[in-house]
Structure formats: structure tokens, C-alpha cells
Amino acid sequence: MQELSPVGDLLEQWLLLPLFADLGMMALVLRNVRNRTGYALAALLGLLAAQAAASTWPGAPGARETLSAGVPLVPAALAVFTFSYAGGRRLSENRHRLAAAIVLPAGLMAAFAAAAGVPAADPAINWFALALLGGTAALLGLTGAWGSLSGSEPATFLAAFLLLCGFGPVYGLALPAAGLDLRALPYAAAGAGALLTMATVRYKAFSEEPREEGSLPGGRPLEPGLYYSGSVDAARARSAFIDAVRHGAPGAAFTRTHPAAWRRRTGLGRVPVIWLAQSSYERSLPPGDVGVLSHTLRDMGEQRPGCAVLIEDVDYLVANAGHYRTVDVLGEVRELAGRTSMAVLLSSELLTDEERGDLRRLGARPLPRDGPAAELA
């Protein structure tokens with residue numbers, strides 16, 4: 001046992017590193033991801049930073065209470081973040097109820113532990129934390145089965161989950177029984193936070209909720225599906241989109257035009273406008289990263305089924321991401337439109353006959369000439 005003490009002393013001397021890492025990642029998330037997923041992750045990182053601070057200065061006032069309260073609160077924050085990130089359409093209508101069902105019991109347990117002076121290694125609060133983590137794991141499995149996670153996301157979440165679980169309640173239950181006290185949780189928590197931050201900043205920065213622009217009576221709703229308008233009538237896609245959102249359909253637009261100029265041109269002020277650009281100075285979605293575009297569209301469709309989405313300058317995506325990669329992603333979008341009753345309008349003035357033929361083979365339909373339209377002012 002004595003041989004381990006120098007390792008423990010060394011870890012304690014460097015506990016400021018995970019503290020600063022948690023605070024830095026929290027600032028990064030709040031700067032780049034301004035939606036419910038970003039706020040949920042920022043709350044989790046804030047709790048991890050508070051625990052790292054309490055581990056750094058264990059004799060400070062409130063440090064013991066902070067460590068005890070963090071045992072049930074961190075799994076609760078992880079659960080809320082998980083279904084905010086990947087809850088999907090089946091959970092979207094119950095987000096607030098699910099959050100309350102998780103946070104309220106965890107908050108009561110944390111308040112009891114802090115008020116009663118329960119140590120962080122107490123079995124009761126650690127078993128409670130394990131139960132919450134088990135529920136989060138089950139939720140993660142469901143969202144993966146529903147297709148709400150893709151690519152490297154399942155592995156990223158699993159690694160973060162194991163780090164927080166293994167060095168949290170499992171560590172709290174197992175190691176004190178062996179007579180060890182090695183403060184490794186802040187390091188493991190910072191590693192888990194880095195994994196979750198990486199996934200959130202990459203995939204969730206543009207996942208805004210589609211919004212209506214008005215509620216004018218009448219109008220013809222767009223049928224779900226994938227539509228395109230070519231060089232002769234490319235502006236009609238924008239006109240149909242404007243008509244839909246002014247008559248009460250939630251919508252979002254992706255365009256090569258700067259959002260401020262696009263809003264001046266269309267007169268729309270509420271719908272999210274995502275800028276397709278390579279900008280180092282302003283918030284923009286790189287046109288070559290069509291995987292993020294597909295992920296963002298999936299989030300929008302799951303948040304607001306029946307929404308209308310406009311994607312302008314499809315040729316710009318082809319030029320940056322490549323023809324075949326863009327076609328593959330648009331195939332995913334067509335399937336998504338069928339699942340979420342989404343109408344996706346594509347427009348381009350520069351697509352070749354071969355590229356338009358590939359869109360038709362995907363199932364994209366020409367924008368109907370007798371469909372919804374509105375003249376631009």
C-alpha cells in the first residue's frame with residue numbers, strides 16, 4: 001500500500017489540469033453549440049469541474065459536500081445530455097418529463113448527501129449513481145437501435161460512459177474496500193468530457209430547431225419528399241420554401257449566401273439559416289462536410305416532423321464533397337424525409353444533366369409547377 005502513495009501524491013499535484021480542461025471545454029461548447037445539447041453538455045462539464053476543484057482543494061469549505069453531491073448529479077447530467085443528443089423523434093415529445101424524472105431524484109439524493117455529511121464513498125449514493133448509469137446505458141442502446149447515432153458516435157459514447165462509470169461509482173465502491181484512495185476521477189472525467197465535446201462540437205453545432213415564419217391562412221403544404229429545381233427555375237425552390245414557412249410550416253435553410261444577405265433578400269427573420277462556407281471568422285458549415293449536413297437534417301426532422309428544408313446551391317456541395325459522396329448523402333436525406341414527413345427542396349443553377357439524372361434515380365422529384373410559390377419582394 002505504501003508504494004502507491006507517491007502515485008497518489010503525484011496525481012493530486014496535477015489535479016489543476018483536469019479542472020482547467022473541464023472549464024476550457026465548457027467554454028468551447030457554449031461558444032460553438034447554442035442549443036439544448038450544448039447547454040446539457042456544459043452543465044455536465046460544470047459539474048465535473050466542480051468535482052475536480054473539490055479534489056484539488058479537499059480542505060476548502062464545501063469541498064466534501066461537493067464531492068458527495070456530485071456522485072448522483074454527474075450520472076443524472078450524463079443521462080439528460082444523452083437523450084438531448086440522441087433522443088430522436090420517439091423521445092422528443094417527452095424530453096422535459098424525462099429530464100424531470102431523472103434530475104429531481106438525483107437532486108434530492110445530492111441534497112441529502114450534502115446536508116447529512118455523507119461521504120462520497122458511501123455505498124448508498126454510489127449504488128444510486130450506478131442505477132442512473134444503467135438507465136443511461138439502456139437509453140443509449142435504444143437510440144443506437146433507432147438509428148439516432150451513426151459513424152463513430154456509438155463508440156465515443158461508450159468510451160465516455162465507461163470512463164465515468166469505472167472511475168466514478170464503481171471506483172467509489174470497490175477501491176475503498178481495498179483500502180486505496182487514488183484520486184483518478186478528475187482525469188477520467190476530463191477524458192470523458194473531451195470525447196463528448198468532440199462529438200458535440202462536430203455534429204451538433206448547427207442542430208437548430210426549425211421555426212415557422214408566420215401563420216397565414218390558406219396555402220398548400222408541401223408533400224413529404226425530396227424535390228429539386230434546376231437551372232431554368234432554380235429560384236422557385238426558394239419561393240416555395242418562403243410560402244411554406246409563411247403559412248405555418250416549420251423550416252430551415254442551408255445556403256451559400258451569407259445569412260444576413262439571405263434574410264434581407266427573403267424577408268424571413270425567424271427560420272434558422274445555416275451558411276455553407278469555409279469561414280474562419282464566422283459560424284459556417286463547411287460544404288465539404290456533408291456528413292455533418294446529413295446529421296443536422298436528421299436532428300431537424302426528429303425535432304419537428306413535417307418541416308420544410310431548403311438546400312440551395314447543391315452544385316457547391318458537389319464541388320467540395322465530390323459527386324458520389326453528395327449523392328450518397330442525398331440518398332440518406334430522401335430516406336429521412338420519408339421517416340419524418342420532411343419536405344427537402346434542392347436548387348442549383350449549375351448541375352449537369354448527369355447529376356440531375358442521379359437525383360432522379362435517387363427518387364428526387366421536380367418541384368411541381370402548380371405547387372406553393374410566392375414571388376420575392
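Modeller: Let's start with a rule: rings of Phe, Tyr and Trp (for Trp, its six-membered ring) pair if their centres lie within 6.5 Å. Planes under 30 degrees apart count as stacked, over 60 as edge-to-face, and the rest as tilted. By this rule the count comes to four aromatic pairs. This is a predicted model, in which local features need pLDDT of at least 70 and side-chain atom pairs count only at pLDDT 80 or more, while totals for chains, interfaces and linings use all residues. Residues are numbered from 1 along each chain as its sequence is written, and side-chain values use heavy atoms, with hydrogens and water left out.

Colleague: Why is the aromatic pair of Phe81 and Phe157 called stacked?

Modeller: The centres of Phe81 and Phe157 are 5.9 Å apart and their planes differ by 5 degrees. Pairing needs centres within 6.5 Å and stacking needs planes under 30 degrees apart, so the name fits.

Colleague: What makes this a link between distant parts of the chain?

Modeller: Phe81 belongs to helix H4 (residues 63-86) and Phe157 to helix H8 (residues 153-166), 76 residues apart. Helices here are DSSP runs of H or I with at least four residues, strands are runs of E with at least two, and both are numbered from the N terminus. Ring pairs also join Phe81, Tyr85 and Phe157 into a cluster.

Colleague: How do you know whether Phe81 and Phe157 are buried or exposed?

Modeller: We look at relative accessible area, computed with a 1.4 Å probe on protein chains only: under 20% is buried, over 50% is exposed, and in between is partly exposed. Phe81 has 0% and Phe157 has 4%, so both fall under the 20% limit and count as buried.

Colleague: What makes you say that a charge sits over the ring of Tyr85?

Modeller: The test asks for NZ of Lys or CZ of Arg within 6 Å of the ring centre and within 35 degrees of the ring normal. The charged end of Lys204 is 4.3 Å from the centre of the Tyr85 ring and sits over it. Arg256 lies over the face of Tyr316 too, at 3.9 Å from the ring centre.

Colleague: Now the sheet. How do you know which strands pair, and in what order do they stand?

Modeller: Two strands pair if DSSP finds at least two bridges between them. The six strands form an open sheet in the order S3-S2-S4-S5-S1-S6, with parallel pairing. S1 and S6 share two bridges, which meets the minimum of two, so they count as a pair. In that pair, Tyr227 stands opposite Arg365 of S6. On the other side, five bridges join S1 to S5, where Gly225 faces Ala343.

Colleague: Why are S3 and S6 described as edges?

Modeller: S3 and strand S6 (365-366) each have a single partner strand, so one side of each is left without a neighbour in the sheet.

Colleague: What makes strand S1 largely enclosed?

Modeller: Five of the five residues of S1 (residues 225-229) are buried, so the rest of the structure largely encloses this strand. Gly225, Tyr227 and Ser229 lie on one side, with Leu226 and Tyr228 on the other.

Colleague: Why is strand S2 called mostly covered?

Modeller: In S2 (residues 251-255), five of its five residues are buried. Gly251, Ala253 and Thr255 point one way, Ala252 and Phe254 the other. Four bridges join S2 to strand S4 (residues 308-311) in parallel, with Gly251 and Ala308 as bridge partners. Three bridges pair S2 with strand S3 (residues 273-275), where Ala253 stands opposite Val273.

Colleague: What makes Asp313 noteworthy in its backbone?

Modeller: Asp313 has a positive phi of about 55 degrees although it is not a glycine. This residue lies in the loop between S4 and helix H14 (314-321). Its relative accessible area is 24%, which is between 20% and 50%, so Asp313 is partly exposed.

Colleague: Where else is there a positive phi outside glycine?

Modeller: Ser341 also has a positive phi of about 55 degrees. Ser341 is in the loop between helix H15 (323-340) and strand S5 (343-347). With a relative accessible area of 38%, Ser341 is partly exposed.
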